[in-house]
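Here is a quick walk through one protein model, for someone who likes to keep the viewer open while reading. Bring up the cartoon view and follow along.

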Amino acid sequence: MAPTIAKPLLSDLVAQTGQVPLSHVRPVGDRPDLVNVDNKSGAGIPLIDLAKLDGPERHEVVEAIGRACESDGFFMVQINLFPVMTDDRSKQAPAASLADIVTNHGIPAWVVEGMLRVAREFFHLPESERLKCYSDDPKKAIRLSTSFNVRTEKVNNWRDFLRLHCYPLESFVDQWPSNPPSFRQVVGTYATEARALALRLLEAISESLGLERSHMVKAMGKQAQHMALNYYPPCPQPELTYGLPGHKDPNAITLLLQDGVSGLQVQRNGRWVAVNPVPNALVINIGDQLQVYNTICSSSSHLFMQALSNDRYKSVLHRVIVNSESERISVPTFYCPSPDAVIAPADALVDESHPLAYRPFTYQEYYEAFWNMGLQSASCLDRERRWPRRAENMQNVVLRPGIYHV
């Protein structure tokens, strides 16, 4: 366990000491190499226009998303600056001209700007106000904490974060911070918009795999949605520590909103590549569950197994580095299967040439392992692999009817 520090939150500790605490200093062989990073190519991450997703060119957009999931595991979508209004919004967004409409993901710019603003306001609140939300228990649905999991990790990461469960919204919003005063309204609006976008993307990903548009969403059961408001303070010696070390997301799909400060990097061909922020854009990345995600579902009175990936789409190793000049805000939205959804490769994808890649496991089981490992490993997927597994042994793998989430 990491050494106990006087102040539980990194931002307050740094304000007090002005240096990197020993609790955050990585061993020499585990420090970020900030020199051998490709900072110019922008990782070549595809920028996909979702405006065409609901028109006659939908198949082209679906194919582009499929290619991105298969080859990159990351892609970007940009914001629609035109003021879109839904029935549950309480006020009209600021006016925008037609010239302001760009390649879009459908979330209005005023919603995104509000989300970043209120996140920054929260982390600038007095320490006593922020600590009302503090907990080091990773099982709590609403909590402010630091690093990743201070209960299990040996070295802390250069990050404070506010973790929010946000679906169903009405089940959690009253537990959220009430300060800043606009926090619940602003974050609730963004969470609702982010969920709508996640569902659109999951539909497109289903189609890109040759499945019905609604299959992925139905397969995930009741689903879950989490958000993290991440705060990375300026670091006096960024070469000594990470914002977050290399890891893969344990969920199905992540929608990342970030301010204008660079920090996200992805690994390509063994080299780290900076994903520099693009104005008005969200970064979308594939989580571990879409790499293996095949869920047992119920339709009428019978069970069926339908493949969604089985290693066709890869979750991608990524990390966060910090800098000595500027604070950084990011807001990832994690869209997840229901905790009791069973993840298992499908019969249709298992044969002599393609043996069973993973044992069946519940999402809850996987998620708890992810937190308990404390980012000591990039991914938990190898824990679920079956080495080796050939087709003649498949009859020994039994999935029992009646235990799967509907």
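The notes below take the two sheets, then the helices and loops, then the cavities.

First, the ground rules: this is a predicted model, so local features need pLDDT of at least 70, side-chain atom pairs count only at pLDDT 80 or more, and totals for chains, interfaces and linings use all residues. Residues are numbered from 1 along each chain as its sequence is written, and side-chain values use heavy atoms, with hydrogens and water left out.

**The eight-stranded sheet**

Helices (H or I, at least four residues) and strands (E, at least two) are DSSP runs, numbered from the N terminus. Two strands count as paired if DSSP finds at least two bridges between them. On that footing, eight strands make an open, mixed sheet, ordered β2-β3-β11-β8-β15-β6-β5-β4. The edges belong to β2 (47–48) and β4 (142–146), which have a single partner strand each, so one side of each is left without a neighbour in the sheet. Further in, β8 (residues 253–258) runs antiparallel to β11 (residues 281–286), with four bridges between them. Thr254 is the residue facing Asn285 of β11.

Helix α3 (residues 109–123) packs on this sheet and touches β4, β5 (160–167), β6 (224–232), β8 and β15 (328–336). Contact here means heavy atoms within 4.5 Å. The direction of α3 makes about 60 degrees with that of β6; axes are lines fitted to C-alpha atoms, for helices over the stretch in contact, and angles run from 0 to 180 degrees between N-to-C directions.

**The five-stranded sheet**

The other sheet is also open and mixed, with five strands in the order β1-β10-β9-β14-β7. Here β1 (37–38) and β7 (244–247) take the edges with a single partner strand each, so one side of each has no neighbour in the sheet. Three of its pairings look like this:

| Pair | Sense | Bridges | Residues facing each other |
|---|---|---|---|
| β9 and β14 (residues 318–320) | antiparallel | three | Leu264 and Val320 |
| β1 and β10 | parallel | two | Asp38 and Val273 |
| β9 and β10 | antiparallel | four | Arg268 and Arg271 |

What sits between β9 and β10? The two strands form a hairpin with two residues between them. One of the loop residues from β9 (264–268) to β10 (271–274) is Asn269. Asn269 is not a glycine, yet its phi is positive, at about 55 degrees.

**Helix α6 and two cis prolines**

Does α6 come out longer or shorter than expected, or does its span agree? At 1.5 Å a residue, the 26 residues of α6 (residues 183–208) should span 38 Å, and the end C-alpha atoms are 37 Å apart, which agrees. The expected span is 1.5 Å times one less than the number of residues. Following α6 comes Gly210, with a positive phi near 80 degrees.

Ahead of that helix, have a look at two prolines. Pro168 is in the loop between β5 and α5 (169–172), and the peptide bond joining Tyr167 to Pro168 is cis, with omega about 0 degrees. Pro180 is in the loop between α5 and α6; the bond from Asn179 to Pro180 is cis too, with omega near 5 degrees.

**Cavities**

A cavity is a set of points, on a 1 Å grid over the protein atoms alone, where a 1.4 Å probe fits but cannot get out; lining residues have an atom within 4 Å of a point. Grid points are joined across faces, edges and corners, and a volume is the space filled by probe spheres set on the points. The count is two cavities of 30 Å³ or more.

The second largest has a volume of about 30 Å³. Its lining is made up of Tyr232, Pro233, Ser262, Ile321, Val322, Asn323, Ser326 and Arg328. By class, that is four nonpolar, three polar and one charged, where Ala, Val, Leu, Ile, Met, Phe, Trp, Tyr, Cys and Pro count as nonpolar, Asp, Glu, Lys and Arg as charged, and the others, Gly among them, as polar.

Key. On a 1 Å grid over the protein atoms alone, a cavity is a set of points where a 1.4 Å probe fits but cannot get out, and a pocket is an open set with protein on both sides within 12 Å along at least five of seven lines; lining residues have an atom within 4 Å of a point.
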